[in-house]
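I opened this entry to keep track of what I looked up, one helix and one group of rings at a time.

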Amino acid sequence: LINLIFILFFNNINNSLKLFDVPNERKIHKEPIPCNGGVYLMINILLLIFFYKNMYLNSQNLFLNLSNFYSFFITSLLIFILGVIDDLVDLSALKKTLYLLLLIVVALLVDNSLEIKTLNFSFIETSLYLKKFSILFSALSIFLFITAFNMFDGTNSQAAIYSIIIILFFLLKTSYYYIFFPILLFFLFFIFFNARG
């Protein structure tokens, strides 16, 4: 229902929120582009948190416990807010990098289940224990993933298609498959509007 509202009132909502990616020397597009996709996605995710907050109790859980569940989504929300601030005031690359790394490190310190503590390689029967370097390696890994994901070209829907592949993976890994349908629907709408634009 929420996604249907987004479709029917797409232009009105865009004009009301006034969130546009304005072209500058770092960007290749020539006209302001609405960047409300993240807002719509976060609304979907927050609604899922509200309605399905007990999904971690399932034996095929996606999260280790309730604390892990909330820390993941609170961190996601803070990173989303950082992205909105960047769209509004155009943060410098250095400031955005420092703020993002700070958020990631705090998330790792609050919830150590997010840490990558051991590296296992399929081609050798040896495990590499990171020990005191686990926080540094974990923060760098998460930061590089977010950076690489942001470099995907949104116009040709690479980011949306990649997100759909991840969602399909989760659909196969949990019996709470139905909670991912709204987010899957969102990305399909997102691809439709990108193709139309």
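Which exposed residues does the face of H5 turned away from its buried side carry? I was working on a predicted model, and on that face I found Leu94, Leu102, Leu109 and Val110, which are exposed.

I then turned to the opposite question of what H5 buries, and noted Leu100, Ile104, Ala107 and Leu108 as its buried residues. These four lie on the same side of H5, because they cover an arc of only 100° around the axis. For the helix as a whole, I recorded that H5 runs over residues 93–110, that is 18 residues, and that it reaches 26 Å from its first C-alpha to its last, close to the 26 Å expected at 1.5 Å a residue.

Next I looked up the aromatic rings, and the structure holds three aromatic pairs. For the pair of phenylalanine 145 and tyrosine 162, I noted ring centres 6.4 Å apart and planes at 50°, so I entered the pair as tilted, given that tilted is the class left between under 30 degrees for stacked and over 60 for edge-to-face. Phenylalanine 145 lies in helix H6 (residues 134–150) and tyrosine 162 in helix H7 (residues 158–173), so this pair ties together parts that are 17 residues apart in sequence.

I also checked the accessibility of both partners: phenylalanine 145 counts as partly exposed at 46% relative accessibility, and tyrosine 162 is likewise partly exposed, with a relative accessible area of 31%. Finally, I wrote down that Phe145 and Tyr162 form one aromatic cluster together with Phe149.

Conventions. Residues numbered from 1 in each chain as written. Predicted model: local features only at pLDDT ≥ 70, side-chain atom pairs only at ≥ 80, totals over all residues. Heavy atoms only, no water. Helix = DSSP H or I, 4+ residues; strand = E, 2+ residues; numbered from the N terminus. Expected span 1.5 Å × (residues − 1). Buried < 20%, exposed > 50% of the residue type's maximum accessible area, 1.4 Å probe, protein only. Arc of directions from axis to C-beta. Phe/Tyr/Trp six-rings, centres within 6.5 Å; stacked < 30°, edge-to-face > 60°.
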